[in-house]
Amino acid sequence: MSTHTFLSVTIHHNMSFFSFGQSAEIDVVLTDAETRKKAEHKTEDGKKDKYFLFYDGETVSGKINITLKNPGKRLEHQGIKIEFVGQIELYYDRGNHHEFVSLVKDLARPGELTQSQTFDFEFTHVEKPYETYTGQNVKLRYFLRATVSRRLNDISKEMDIVVHTLSTYPELNSSIKMEVGIEDCLHIEFEYNKSKYHLKDVIVGKIYFLLVRIKIKHMEIDIIKRETTGTGPSVYHENDTIAKYEIMDGAPVRGESIPIRLFLAGYEMTPTMRDINKKFSVRYYLNLVLIDEEERRYFKQQEITLWRKGDVVRKSMSSQATIGAQRFEGSASSESALEKAAREDSG
Amino acid sequence: MSDPTVADTRRLNSKPQDLTDAYGPPSNFLEIDVYDPQTIGVGRNRFTTYEVRMRTNLPIFKLKDSVVRRRYSDFEWLKNELERDSKIVVPPLPGKALKRQLPFRGDEGIFEESFIEERRVGLEQFINRLAGHPLAQNERCLHMFLQDESIDRNYIPGKVRNLPKGT
């Protein structure tokens, strides 16, 4: 009697290494790849890359090209799909991805590909509620992921996109005006023209010295970014000084007023992000710092709200209004333009 | 009407500065000189004192011009009081020079002229940095050190600010 022993060996690595079976490359191409704007974004390792820029509500559409590596051989698969994912990743908790947007489109049922093939996809009017963010302890990203499922190992391709959240000029934008100091020692009144600034705005303000009994050497304004991650007992704050801008050099006396003009466009900043999906916040503060001759620092921190203004031109004016506006531009004096318009209207 | 695409960078309104404020003396004048070292006593009971003269226009100091005599251990006392009672980081004193106090030295030890001068400079820097600190100015020990003829080591430590008006 002979016993036949069948040894079953399962190879758990990429089959294409041995040129057994078939593998493929996936390429994700957007419909509007030629026309869509790209935005620069700094990745986790500090490199700057360009990605396609999307806004909330925009449709994400395109096609995926699956190119077989060994032409002639079939590719067996358990299904082909494409996903649109928006997720938050906390660096200290890498295993858990918090997905706040998750859409999937099935492109092919389980079967086989005999040749390279292209599949169209469209995610219509996708909600993208938050802005793409890569920070010190947290990352929020949006990406397309095309997957060819297989028994042993899937073939997938991810394509990151960048999302910007836009706002318009806020209705209420009060100035920040305050009197602070150390009793009998230093009293100042500071004023910033707004409390909400867009990313290319200018901070216009002034510092008025009411009492100066210390020897001040210079004064600066710092912009501080504070990233807060986590909730409850484990909250992490990361402070980063984005800018230091000297506004005064020398010793001021009582009654002097020092102007402030700080252009924000030169600094790498994001809009203020408050309690994003209850996971993290990114807030900005102006820190007014006075330094005396013994390097002692006196400071006052004040939060400002940053928002992103859209570059798109509003096409909301009717054609009549547009023509009317153009009439006034051409003439030398506004009075003659008004007369001209009145005559034309009545005529 | 200003073009909304161009940022409004006009200065905010400011009160014009009073000329007396602009050209008047600054209200932050504070200068302390440590000078005229005198070695008192004989033999092993000698010690050096320095004259400490303060001139100021800060209202927190009772006297606008005061002169006292202090020795190194008085400066040490002041440093210890402030480290214990106030939250400030007290600047360093010049060294204690214990080596110089050992016997069988070839020179005058702590009474060597160059050493006294080095120490004098260090003490002057120390007291100027300290007296200019707004939090140090609150401590009674600093005022006693600078303006009382002698230091009462049995004094009651405390703050000098927030006195009721009229005191």
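## A loop to start with

A:Glu295 sits in the loop of chain A that links strand E21 (280–292) to strand E22 (297–307). This is a predicted model, and in it A:Glu295 has a phi near 65°, a positive value in a residue that isn't glycine.

Chain B has a case of its own. B:Phe104 isn't a glycine either, yet its phi is positive, at about 60°. Look for B:Phe104 in the loop between helix H2 (72–85) and helix H3 (113–131) of chain B.

## Two domains in chain A

Next, zoom out to the whole of chain A. The domain assignment splits chain A into domain 1 (24–163) and domain 2 (176–307). Between the C-alpha centres of these two domains of chain A there are 40 Å. Still, the domains do touch: 15 residues of domain 1 of chain A are in contact with 15 residues of domain 2 of chain A.

Together, domain 1 and domain 2 of chain A bury about 1,400 Å² between them, with carbon and sulfur atoms giving 62% of that area. On the domain 1 side, A:Tyr92, A:Tyr133 and A:Asn137 stand out, since no other three residues supply more than their 37% of what domain 1 of chain A buries against domain 2 of chain A.

## What holds the domain contact

Here's what turns up between the two domains of chain A. There are two salt bridges between domain 1 and domain 2 of chain A. A salt bridge also joins the side chains of A:Glu268 and A:Lys42, at 3.6 Å from N to O. Polar contacts add eight residue pairs across the interface of domain 1 and domain 2 of chain A, with both residues at pLDDT 80 or more.

Which strands give two or more residues to the domain 1 side? In chain A they are strand E6 (79–90), strand E7 (97–108) and strand E11 (138–149). Sorted by class, the side of domain 1 of chain A that touches domain 2 of chain A has eight nonpolar, four polar and three charged residues.

## Strands side by side

Domain 1 of chain A spans 24–163, and some strand pairing can be traced within that range. Strand E1 (residues 24–30) and strand E4 (residues 60–68) of chain A pair in the antiparallel sense, over seven bridges. To find one spot in this pairing, look at A:Val28, whose bridge partner in E4(A) is A:Ile64.

E4(A) also runs antiparallel to strand E9 (residues 117–123) of chain A, and seven bridges join the two. In this pairing A:Asn65 stands opposite A:Thr118 of E9(A). As a rule, side chains in a regular strand alternate between the two faces of the sheet.

## Where chain A meets chain B

Now for the two chains. Contact between them involves 26 residues of chain A and 25 residues of chain B. About 2,300 Å² is buried between chain A and chain B, and carbon and sulfur atoms give 52% of it. A:Arg213, A:Lys215 and A:Arg296 supply 23% of the area that chain A buries against chain B, more than any other three residues.

How many salt bridges cross the interface of chain A and chain B? The rule finds two. A:Glu294 forms a salt bridge with B:Arg129, where the closest N and O atoms are 3.4 Å apart. There are also 11 residue pairs in polar contact across the interface of chain A and chain B, both residues being at pLDDT 80 or more.

On the chain A side, strand E16 (202–212) and strand E19 (257–263) are the elements that give two or more residues to the contact with chain B. E16(A) has the largest share, six residues. By class, the side of chain A that touches chain B has 11 nonpolar, four polar and 11 charged residues.

How values were computed:
Residues are numbered from 1 along each chain as its sequence is written. Chains are lettered from A and ligands numbered from 1 in the order in which they are written. This is a predicted model: local features need pLDDT of at least 70, side-chain atom pairs count only at pLDDT 80 or more; totals for chains, interfaces and linings use all residues. Side-chain values use heavy atoms; hydrogens and water are left out. Contact means heavy atoms within 4.5 Å. Buried area is the accessible area (1.4 Å probe) that two parts lose on being put together, summed over both. A salt bridge is a side-chain nitrogen of Lys or Arg within 4 Å of a carboxyl oxygen of Asp or Glu. A polar contact is a pair of N or O atoms within 3.5 Å; within protein, one must be able to donate a hydrogen and the other to accept it, and residues adjacent in sequence count only if both atoms are side-chain atoms. Helices (H or I, at least four residues) and strands (E, at least two) are DSSP runs, numbered from the N terminus. Ala, Val, Leu, Ile, Met, Phe, Trp, Tyr, Cys and Pro count as nonpolar, Asp, Glu, Lys and Arg as charged, and the others, Gly among them, as polar. Two strands pair if DSSP finds at least two bridges between them. Domain bounds come from an automatic or database domain assignment.
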